[in-house]
Amino acid sequence: MEMLFSVATFFLFLIFVALYSYRKTKGVSESGVEGFFLAGRGLSGYFIAGSLLLSNLSAEQLVGLNGNAYRFDISGMAWESTAAVATIMMAVFFLPRFLRRGITTMPQFLEERFDSATRRTVSVMLLVGYAVMANPCSLYLGAITMNEMFDVQKIFHLPDWSAIGLLALVMGAVGGLYATLGGLKAVAISDTISGLILLVAAMLIPVLGLIALGEGSFLAGGKALLSHPEQLNAIGSASSSVPFSTVFTGMLCANMFYWCTNQMIIQRALGAKSLAESQKGVLLAGSIKLLVPLAMVLPGLIAFIPNQLEDAGLRT
C-alpha cells in the first residue's frame, strides 16, 4: 500500500507540473533561436533562480557530497560555499557584458571574441563532455535513487543492472522530449516548481534524520551528532577529498567556469526579460546555495553516527 501511494503521488506530481508548464507556455512563441533556447527572453528572476537550482542540484551531488561527509568530513561543503561567490561574480561582472552583446550561447561569444575554429572546438568538447561524463553520471545515480525508492527491480523481477539501465533510458527519453517540445520556457517553469518541492523536502531530511538519530528527540539527535567533532571538520587536510588550500585556487576557478560560462547554467540567465531580473535570479539562487549543505552534507553525517555506535556496541 505504501509503495502504491508513493508511485501514485509521484505520477500525480509529474502530471501537475506538465499541465502547469503547458498552461504557462501556451501561446508563447518558440520560433527562432531566442524563442526556443532563451524562452523569448521573457523569464522572470524567480523562474531563473528555480531553474538554476534544479539544474545544479542533481543526483550526483546528493549522493556524492553526502557520501563524502560519511566517509571523510564536511569539507565538501566548500563546493557550495564557493558557488555563492561565483554567482556574485556572474551577476556583477559577466551578465552585463553578455546581455549587452546579445549573446545567445557561449560558443557564439567565443566566436566573436576569437574565431569560428575556437567556437567549433569548444562546442565539440562540451558536447562530448556532457554525452560521455555529465549526463551518464546523472542518469546512473538518478536511476539508482529511483530503483531504491520504487523497488523497480523487484516489481518487474529484473536484474540490478537491467533495472538501472531501464530507468536511466526512461528518464533520459522523458527529459529529452520535455525539453524538445517545450523549449527553455517549459524547462524553467517545471524546474522552479520541482525545485521548490525539492528544497522543502531536502530541508526535511536532516530534521527527520536528527529525530530518528535521537530516537524521537530532535535535541538528542543533535547531541549525538556533536559527539563526533572530528566529522564536523570543514577545513580539509592535504589528504582530504577537498584540501583547504584548493578552496582559494582550483575550486574557485571550477565554480567560476560552471556558474559564469557553462552553457547549461548561463542559458537560464540569458533568457531573462531584463538585466535586473537576470541578476535578481542569479543572486537569489546563490543565496539559497548557502542552505544546500544542510541537505547535501548533514544527512551523510547523520548516517555516520549509528554505524559508529554499532561498532562501539552501544546500539543494536
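How many of the eight residues of helix α12 are buried? In this predicted model, the answer is seven, so described because each of the seven has under 20% relative accessible area. Helix α12 spans residues 263–270 and is thus mostly covered. Its buried members are Q263, I265, I266, Q267, R268, A269 and L270. Just ahead of these residues, N262 caps the N-terminal end of the helix. The cap rests on a side-chain oxygen of N262, which lies 3.0 Å from the backbone nitrogen of M264.

Helix α9 offers a view of the protein surface. A nonpolar surface patch of about 730 Å² is formed there by L196, V200, L204, V207, L208, I211, F218 and L219. Two helices, α9 (160–213) and α10 (218–226), each supply at least two residues of this patch, and α9 gives the most, with six. Residues three or four places apart on an α-helix point the same way, because each turn takes 3.6 residues. One member of the patch, V200, lies in α9. With a relative accessibility of 47%, V200 counts as partly exposed, because that value falls between the 20% and 50% limits.

Helix α9 also takes part in the interior. The cavity count comes to one at a threshold of 30 Å³ or more, and the largest cavity holds about 40 Å³ of space. Its lining is made up of L53, L57, G195, L198, L199 and I288. Here too α9 gives the most, with three residues of the lining.

Conventions:
Residues are numbered from 1 along each chain as its sequence is written. This is a predicted model: local features need pLDDT of at least 70, side-chain atom pairs count only at pLDDT 80 or more; totals for chains, interfaces and linings use all residues. Side-chain values use heavy atoms; hydrogens and water are left out. Patches are made of residues with over 30% relative accessible area and no salt bridge: like charges are joined within 9 Å, nonpolar side chains (Val, Leu, Ile, Met, Phe, Trp, Tyr) within 5 Å. Accessible areas come from the Shrake-Rupley method with a 1.4 Å probe; for residues, only the protein chains shown count as cover. A salt bridge is a side-chain nitrogen of Lys or Arg within 4 Å of a carboxyl oxygen of Asp or Glu. Helices (H or I, at least four residues) and strands (E, at least two) are DSSP runs, numbered from the N terminus. Buried means under 20% relative accessible area, exposed over 50%, partly exposed in between (1.4 Å probe, protein chains only). A polar contact is a pair of N or O atoms within 3.5 Å; within protein, one must be able to donate a hydrogen and the other to accept it, and residues adjacent in sequence count only if both atoms are side-chain atoms. On a 1 Å grid over the protein atoms alone, a cavity is a set of points where a 1.4 Å probe fits but cannot get out, and a pocket is an open set with protein on both sides within 12 Å along at least five of seven lines; lining residues have an atom within 4 Å of a point. Grid points are joined across faces, edges and corners, and a volume is the space filled by probe spheres set on the points.
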